[in-house]
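Welcome! Please take a moment with the sequence and the model below, and then we can walk through them together.

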Amino acid sequence: MSIPSSFIDQILDQSDIVDIIGRRIQLNKKGQNFWCLCPFHDDKKPSMAVNQDKQFFYCFVCNASGNSIHFLRRYENLDFVDAIETIASSVGLEVPYTKQPVEETKAKEINDEANTIYKNCLKSNDGSKAVKYLKSRGISGETAAFFNLGYAQEGWTSLYDKLSSKYSKQDIADSGLFSTKDQKTFDFFRERLMFPIRNIRGQCVAFGGRIIGDGEPKYLNSPETKTYSKSNELFGLYEARKLNKSLDSLIVVEGYMDVIALHQNGVKNAVASLGTAITGKHVSKLMRYAKNIYVAFDGDLAGRKAAWKAVENALPILREDVKISFIFLEEGHDPDSFINEKGKEAFLKLLDNNISFSKFFLSKIKEVDDLETIEGRSKAAKFAVPLINSINNETLKQAYIEEIGTICRLDFAALISSNIKNPRSAPIQDEPAVQQENNGSLLARKAIVGIFTAMIQYPELAKDKAFESIHNNEKFLFLLEVQNKYINNPEINASIVFEQIKSEQIKRLFGEALMSEIDLTQTNALSMLKDCLHSFVKNQKDREEILKEKYNMQHISSAERRELQQFILKKAELSEEDRDLLKNLSSKRD
Ligand SMILES: [Zn+2]
């Protein structure tokens, strides 16, 4: 499945980057831009600018830049589709997925097909044991059908026999439905009640299986695959949204049977975290679809530990507009047993008596040590420092700083500012270091930024004759590409041009130009464009000549040799001299 590019343009058009970033980080307007502390590096003073007209952010220190999609992907560590989902839901739109003829992997297709096989099996004689089990737990046929429950029959290759002829070995291996031993392939799930795990698009990406009768383990989950990551999916989310697209609240529980029992009893907005700790990705996903999130835990020690883990993972992406709270069940109960024994009203009452995120968080700080002693209070404060530092939302951070200062009776703000930012607050992998390409000299970079700045402010300059000096020269192709976008559509939004630039380095230079605060008159823009083009072309020439000279003097390094090679290769036409040089350059091995 894929998302039409017209839809991506639409949500970028309808959403506002100032709103998207502003909900997560404190923004302050200064000049043409909004400014904030950059969450992607250890920022001391606001170095990230957000521009509303251009729908673009740029950090002047670490060069992080892009549109709302880029921001969310880095800030909440989301993949592309999840970032689109987040923005779409913030403007009340449903993502229109389209079928793509060629899927990268058939894992989802196999899982979907397995789901149908399991479902049919549950209805057949083979599934009678599982049906009996469901009945004993009070689950109706209607509920079982709603969640697409199934049964994996006995036998080592029941499923494999049905699917192996239709799919390649690789697809079978990628599906997570089979295991291999001594080069033989077996069904991963056997004699189990099957719970399909669907992604937000409704595709089956994995399964949970509960053993029927005795045996270990009681629950078995699909392994992580290319299309399934347990830190990202929530069982029941697709189903809850199927019933209600504008959910007010979501309840996170631990197990499949909790979700299903709650549904059976009329609480139809529960999701399960699939037996893993609640991750930042889970929280990000939950915040996208509901403004009230309840997380239910067992009241025992393990439950409190799990709740604390969820707190730690949620801190970096906390927002004022989403309320997270916890409910702790009395010992010996899980949501399944609780609602079956006490009913829906009692369960809803439990939700009303929730413990707010901040209350739970602060109570943990108070438990660190004896707050009646100076030692205890400083220990508690010390414990809180990295946690508070991981909060990116400045308003909430300030509120916590105040509160902890009062609890520990000290100047907590001073402790915070003397500590470096917790690296956890900047999730996601770093982008690959920008390589200094051939055109990497400072002068050339400045010239490129100048050319971009002029064009961004006056797109009609893209048609100016000044560009002729770089035509027919492949090494300026990246500039010509940007120029062409403006020629073809002078109205084009600069953030869309940014999106389409392939080279990371050029992208950054374009970002720098986008955020430029200089206001050019058209005349100035034109002369700036001319000067920069001239200086850039000259600079390029010089570099090539310097390299050639080095080569002739035999002072050239292997990196420079490759650079010179590329200079020549990028030329549209090669002279006799170029050809000879190229031959000589390539005959040398590093
Ligand atoms: Zn930065």
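Donors here are N, O and S atoms within 2.8 Å of the metal (3.2 Å for Na, K and Ca); water is not among the atoms, so sites may look incomplete. This is a predicted model, in which local features need pLDDT of at least 70 and side-chain atom pairs count only at pLDDT 80 or more, while totals for chains, interfaces and linings use all residues. Residues are numbered from 1 along each chain as its sequence is written, and side-chain values use heavy atoms, with hydrogens and water left out.

Let us begin with the metal site. The zinc ion has protein donors at 2.0 to 2.3 Å, namely the ones in this table.

| Residue | Donor atom |
|---|---|
| C38 | SG |
| H41 | ND1 |
| C59 | SG |
| C62 | SG |

The site is tetrahedral, with angles of 102 to 117° among the 4 donor atoms; four donors count as tetrahedral if all angles lie between 85 and 135 degrees. Along the chain, the donors follow the spacing C-x2-H-x17-C-x2-C. H41, in the loop between β2 (33–36) and β3 (48–51), and C59, in strand β4 (residues 56–59), are 18 residues apart and link distant parts of the chain. Both H41 and C59 are buried, meaning under 20% relative accessible area (1.4 Å probe, protein chains only).

Now for the whole chain. Of its 590 residues, 51% are buried. The protein chain has 25 helices and 16 strands, which are DSSP runs (helices H or I, at least four residues; strands E, at least two) numbered from the N terminus. Its C-alpha atoms fill a box of roughly 85 × 70 × 45 Å, taken along the principal axes.

Notes. Four donors count as tetrahedral if all angles lie between 85 and 135 degrees; four count as square planar and six as octahedral if opposite donors are over 155 degrees apart and all others between 65 and 115; anything else is irregular. Buried means under 20% relative accessible area, exposed over 50%, partly exposed in between (1.4 Å probe, protein chains only).
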